[in-house]
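Here is a walk through one model, meant to be read with the structure open beside you. Turn it around as you go and check each spot for yourself.

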Amino acid sequence: MSDAKPPRILIIAGSDSGGGAGIQADIKTVTALGGFAMTAVTAITAQDTTGVHGIWPAPVEAVTKQVTVCLTDLGADIVKTGMLAGVDLLEALAEVLAEQAPQIPRIVDPVMVATSGDRLVDTATTDVLLSLLIRGAGLVTPNAPEAEILTGKIVETVDGQRRAAEALLEAGAEAALVKGGHVDASPIIDVLQTQYGEWLFETPRLDTSSTHGTGCTLASAIATELGFGAAMYEAVERASTYLTGAIDNASGFGAGHGPLNHAWRVERGRQNA
């Protein structure tokens, strides 16, 4: 048995009752890639493959307490945030992380728009998100609509993705990955920018409706790879490969945008055993 411990990933995000996105996708991803997942649930959603049918935010104190006890007892190597609704929560969470996890890298997935197109958070929180969580984040991972909301840039091409990424670096993020899944082009191109340079990642645009939770999955995969010590561009590359496999091996559940198959590597190993 190896003495090496898995990277500890603290996930602060909303729950998805359908199991395809949010906390559920995060836990599946981190576990599939060999990490140890901890969670602080920020909201309960009534959600399936067809859309979001209800959102009930968790009390702010309940969220910060979850974060505090995890950090105090278990510790964390990476903090990954997802759905964060409300200025009060953002302010309280930023304070807790500044006090208890100032040196722990933050991966901020600014969950604002679901795969179904549903708007998940009030736009009034955008400025607070930018100033308190994205500033100083190790990585921010918006899709094109989210990048437009955050930066005011039009994101319809790779050049638009570049401009948005530049704006996020100017806002204080250490790295920005502006994803191209919502851009009308094939293959999909994700643009990563850091203070050290720019990388473009091409992935095939698969003919499938099983795309629910892709953003959560990618961000959690990146967080896990970073926890294992990968450089940022390596973590993004490996996470993109994992995500493509999870989409390509999806089971086709649901009537809308179906969930991914987060266990595809495990299943492949079992088949080859």
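What follows goes from two helices to the cores, and then to a few single residues.

First, some ground rules. This is a predicted model, where local features need pLDDT of at least 70 and side-chain atom pairs count only at pLDDT 80 or more, while totals for chains, interfaces and linings use all residues. Residues are numbered from 1 along each chain as its sequence is written, and side-chain values use heavy atoms, with hydrogens and water left out. Helices (H or I, at least four residues) and strands (E, at least two) are DSSP runs, numbered from the N terminus.

**Helix H2**

Start with H2, residues 60–74. Its 15 residues reach 21 Å from first to last C-alpha, close to the expected 21 Å; that expected span is 1.5 Å times one less than the number of residues. Which residues of H2 are buried? They are Val 63, Thr 64, Val 67, Cys 70 and Leu 71, where buried means under 20% relative accessible area, exposed means over 50% and partly exposed is in between (1.4 Å probe, protein chains only). These residues sit on the same side of H2, because they cover an arc of only 130° around the axis. The arc is taken from the directions from the helix axis to the C-beta atoms.

Flip to the face turned away from the buried side and you'll find the exposed residues Glu 61, Lys 65, Thr 72 and Asp 73. Covering the buried residues are, among others, strand S1 (8–16), strand S2 (36–48) and helix H3 (87–100). Just past the helix, Gly 75 has a positive phi of about 75°.

**Helix H5**

H5 (144–151) can be read in a similar way. Its buried residues are Ala 144, Glu 146, Ala 147 and Leu 150, and they share one side of the helix because their arc is only 160°. They pack against H4, H6 and S7. At the N-terminal end, Asn 143 acts as the cap, with a side-chain oxygen 2.9 Å from the backbone nitrogen of Glu 146. After H5 comes Gly 152, whose phi is positive, near 80°.

**The cores**

A nonpolar core here is a set of buried Ala, Val, Leu, Ile, Met, Phe, Trp, Tyr and Cys residues joined through side-chain atoms within 4.5 Å. The largest one has 40 residues, and those with the most contacts inside it are Leu 10, Ile 12, Val 67, Leu 71, Leu 97, Leu 133 and Ile 134. Elements that each supply at least two residues include S1, S2, H2, H4 (126–134) and H6 (158–170). H3 gives the most, with six residues.

Zoom in on Leu 133. Not counting residues up to four places away in sequence, it touches Leu 84, Leu 90, Leu 93, Ala 94, Leu 97, Arg 106, Val 108 and Val 128; contact means heavy atoms within 4.5 Å.

**Single residues worth a click**

The table lists relative accessible areas for some residues.

| Residue | Relative accessible area | Class |
|---|---|---|
| Thr 29 | 0% | buried |
| Gln 47 | 11% | buried |
| Trp 199 | 27% | partly exposed |
| Arg 8 | 29% | partly exposed |
| Tyr 233 | 35% | partly exposed |

Thr 29 lies in helix H1 (residues 22–32). Leaving aside neighbours within four places in sequence, Thr 29 contacts Thr 217, Ser 220, Ala 221, Tyr 242 and His 262.

Gln 47 is in strand S2. Its side chain makes a polar contact with the side chain of Thr 45 at 2.8 Å. A polar contact is a pair of N or O atoms within 3.5 Å; within protein, one must be able to donate a hydrogen and the other to accept it, and residues adjacent in sequence count only if both atoms are side-chain atoms.

Arg 8 belongs to strand S1. A polar atom of the Arg 8 side chain lies 2.8 Å from the backbone oxygen of Leu 74. Arg 8 and Val 79 are 71 residues apart in sequence, yet 8.6 Å apart in space, C-alpha to C-alpha.

Lastly, look at the loop between S7 and strand S8 (188–194), where Pro 187 lies. The peptide bond from Ser 186 to Pro 187 is cis, with omega near 0°. For background, most peptide bonds are trans.
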